Protein chains: 2
Amino acid sequence: MPENLQVLLAARPKGAVGPECFALREAPLPEPAHGEVLVRHRFLSLDPYMRGRMDDVRSYSPPVALGAVMEGQSVGQVVADAAGFRAGEWVLGGRGWQLYSAVPAAGLSRIDAEAAPPSAYLGVLGMPGTTAWVGVTKILGVKPGETFCVSAASGAVGQVAGQLAKRIGARAVGIAGGAGKCRHVVEALGFDACCDHRDAALAQHLAEACPDGVDAAFENTGAAPLHAVWPLLNEFARVAFCGMVGETSADPRPPGPSLVQVVRKRLRLEGFIVYDHPREFAAWRKLGAGLLARGELAWREDVTQGLERAPEAFRAMLAGRNFGKTVVALG
Amino acid sequence: MPENLQVLLAARPKGAVGPECFALREAPLPEPAHGEVLVRHRFLSLDPYMRGRMDDVRSYSPPVALGAVMEGQSVGQVVADAAGFRAGEWVLGGRGWQLYSAVPAAGLSRIDAEAAPPSAYLGVLGMPGTTAWVGVTKILGVKPGETFCVSAASGAVGQVAGQLAKRIGARAVGIAGGAGKCRHVVEALGFDACCDHRDAALAQHLAEACPDGVDAAFENTGAAPLHAVWPLLNEFARVAFCGMVGETSADPRPPGPSLVQVVRKRLRLEGFIVYDHPREFAAWRKLGAGLLARGELAWREDVTQGLERAPEAFRAMLAGRNFGKTVVALG
């Protein structure tokens with residue numbers, strides 16, 4: 001009889017997330033109740049929003065309780081026929097940093113593991129891809145000829161966002177950490193330029209890469225990339241705030257940029273969370289699958305092997321040491 | 001033959017605006033060209049936006065040149081029949097801190113000096129009133145049952161904004177400088193509460209005055225009032241940035257609040273300038289005149305006598321020592 005393996009929230013982070021925040025535990029397999037399906041997770045998605053769940057503060061969803069399994073989404077396979085699902089079917093919707101979960105049938109959706117690799121449903125076709133889609137099209141309304149700028153450009157959301165902006169006809173400029181990522185963003189993803197936020201001259205390089213200023217900015221990190229794009233914003237520019245992963249671990253929070261120009265330039269700054277746009281998931285999955293199938297959407301994952309290494313992979317992602325969408329392969 | 005009297009921009013401010021920034025000059029009367037009308041100004045409007053025009057920086061309108069007449073709008077009377085206007089008619093549209101200007105007929109609009117005092121067309125029925133109208137209805141979309149908060153609540157824009165929010169059915173909470181203004185805001189303008197930004201406990205008082213948080217904030221000042229409202233913003237709250245008069249004189253600019261919560265709370269922060277909404281002027285003037293006529297809109301002016309005291313009145317307004325819409329009576 002297999003055992004479940006789980007990663008628990010062992011301590012709330014003070015500042016940066018340390019290894020002491022997590023604990024591994026073996027547990028018996030969950031018993032599916034009536035209407036539930038037992039799922040063996042195959043790929044676990046690691047995403048920046050999880051950092052917020054580790055804090056005991058009011059947010060758009062409740063925090064993870066101390067001692068509870070860390071929150072997260074997986075793709076996996078049904079273990080035994082139940083509630084209309086068949087053993088072996090691939091599904092999206094397994095919950096938590098663990099190998100198995102029992103999920104109400106209504107919380108699962110079948111995925112087509114032939115049309116795209118299963119892990120793609122956690123990334124380019126899943127939550128991060130939909131986030132990019134909503135941000136670029138609904139929140140920012142990027143238009144042809146505009147200059148679009150995105151931070152964490154090689155990350156799960158950024159890489160899709162920039163490619164979408166390019167398809168719309170905008171100039172796409174990325175910000176990423178390190179020369180290797182920047183090269184990838186330009187050469188493999190087709191951005192017009194990419195600037196290294198580890199370079200002390202980021203502000204100057206970004207200004208050179210955006211000679212006509214910035215009309216639409218997609219903010220995934222806060223911190224240095226936000227401060228670099230701030231003075232380049234044009235009149236009537238929009239900034240979509242999707243994540244502030246570069247600032248959420250700081251205690252106390254660093255101040256933001258001066259808001260004086262918000263009036264002068266009539267800026268619109270708007271935070272959004274993809275789950276407020278539930279209809280867009282199916283819309284993007286269909287559109288994105290078509291782009292993938294035609295080879296019109298490049299996509300990079302950063303895969304770590306083994307659940308026990310999930311905390312390490314998560315901490316690396318928060319520090320920007322991932323390269324592409326962070327996924328844990330669970331065997 | 002009367003002479004013109006003018007206030008010139010003599011020096012650009014370094015930090016706070018000092019008396020050395022202005023110079024008085026006597027000048028010959030302007031000669032109206034064909035199609036222009038000579039206007040004797042009667043009331044000059046002083047407004048926070050003028051502070052921005054004194055700096056040599058790109059903004060939504062060009063800066064005032066050194067040695068040029070300060071920018072401003074007046075109501076006044078036509079001196080001699082011209083271009084379809086009759087001597088003695090009251091008009092809005094005289095330009096500059098001066099007693100006379102020659103204005104193209106298309107830049108003038110007749111005002112009904114019987115329906116409301118002429119100076120009202122500079123304030124409650126003019127640009128500041130329209131600004132309040134656009135901010136509350138178009139930018140913020142204030143709804144019944146929401147909590148609305150406005151800084152500079154006894155000022156030209158704030159007093160109208162709060163009364164409009166009340167009419168919509170929102171709870172209106174003001175922030176103003178000093179106990180006298182706060183009392184006026186509650187007792188004469190009908191706000192539900194008003195907090196004194198000079199009080200060190202502003203943040204605590206504002207939290208007590210907004211037990212359900214803040215859904216829509218109308219930002220006229222920046223600085224302490226902005227930082228006090230910031231942690232009270234509810235999920236999906238909107239902030240209209242109309243002015244940052246409390247921060248524009250600071251050099252270097254003070255940092256803004258942390259933007260981390262913009263994502264978590266899905267905030268929308270939007271700067272606006274009333275001149276981007278030109279159709280709203282006539283709409284508001286008609287609606288506002290009806291409210292005034294029915295006694296449903298309270299209105300307070302701070303009137304200084306004599307053009308030579310305009311610099312002093314302007315500096316007092318920037319320091320928050322005005323009480324109501326700042327106007328200079330020109331005799």
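**Exercise 1. Work out which side chains B:Arg264 pairs with across the chains, and where the partners sit.**

Step 1: start with the pair. In this predicted model, B:Arg264 and A:Asp55 join their side chains in a salt bridge, 3.9 Å from N to O. The term asks for a side-chain nitrogen of Lys or Arg within 4 Å of a carboxyl oxygen of Asp or Glu.

Step 2: place both ends. B:Arg264 belongs to helix α7 (residues 260-264) of chain B, while A:Asp55 is in the loop between α1 (49-53) and β4 (73-78) of chain A, and the pair crosses between chains. Helices (H or I, at least four residues) and strands (E, at least two) are DSSP runs, numbered from the N terminus.

Step 3: check burial. Both B:Arg264 and A:Asp55 are buried; buried means under 20% relative accessible area, exposed over 50%, partly exposed in between (1.4 Å probe, protein chains only).

Step 4: widen the view. A:Arg51, A:Asp55 and B:Arg264 are linked in a network of salt bridges, and the structure holds 30 salt bridges over all chains.

A word on bookkeeping: residues count from 1 along each chain as its sequence is written, and chains are lettered from A and ligands numbered from 1 in the order in which they are written. Local features need pLDDT of at least 70 and side-chain atom pairs pLDDT 80 or more, whereas totals for chains, interfaces and linings use all residues, and side-chain values use heavy atoms, leaving out hydrogens and water.

**Exercise 2. Set the B:Asp47 salt bridge beside the B:Arg294 one: are the residues buried or exposed?**

Step 1: take B:Asp47 and B:Lys325, whose closest N and O atoms are 3.1 Å apart in a salt bridge. B:Asp47 lies in the loop between β3 (36-45) and α1 (49-53) of chain B and B:Lys325 in strand β15 (residues 325-329), so this pair links parts of the chain 278 residues apart.

Step 2: look at accessibility. B:Asp47 is buried at 4%, and B:Lys325 is buried at 1%.

Step 3: turn to B:Arg294 and B:Glu296, a salt bridge with closest N and O atoms 3.2 Å apart. Here B:Arg294 counts as exposed at 52%, and B:Glu296 as partly exposed at 34%.

**Exercise 3. Describe how α2(A) packs against α8(A).**

Step 1: get the geometry. Helix α2 (residues 127-139) and helix α8 (residues 280-293), both of chain A, have axes that come within 9 Å and cross at roughly 100°. Axes are lines fitted to C-alpha atoms, for helices over the stretch in contact, with angles from 0 to 180 degrees between N-to-C directions.

Step 2: name the arrangement. That crossing makes α2(A) roughly perpendicular to α8(A), the class for 65 to 115 degrees.

Step 3: list the contact (heavy atoms within 4.5 Å). From α2(A) come A:Met127, A:Gly129, A:Thr130, A:Trp133, A:Val134 and A:Lys138; α8(A) brings A:Glu280, A:Phe281, A:Trp284 and A:Leu287.

**Exercise 4. Find what surrounds B:Gly320 and B:Ala152.**

Step 1: locate B:Gly320 in the loop between α9 (310-318) and β15 of chain B; the residue is partly exposed at 22%.

Step 2: find its neighbours. B:Gly320 touches B:Lys181 and B:Arg198, not counting residues up to four places away in sequence. Its C-alpha is 8.1 Å from that of B:Ala152, 168 residues apart along the chain.

Step 3: inspect B:Ala152, in the loop between β8 (147-151) and α3 (156-168) of chain B. Its phi is positive, about 50°, although B:Ala152 is not a glycine.

Conventions
Angles under 35 degrees count as roughly parallel, over 145 as roughly antiparallel, 65 to 115 as roughly perpendicular and the rest as oblique.
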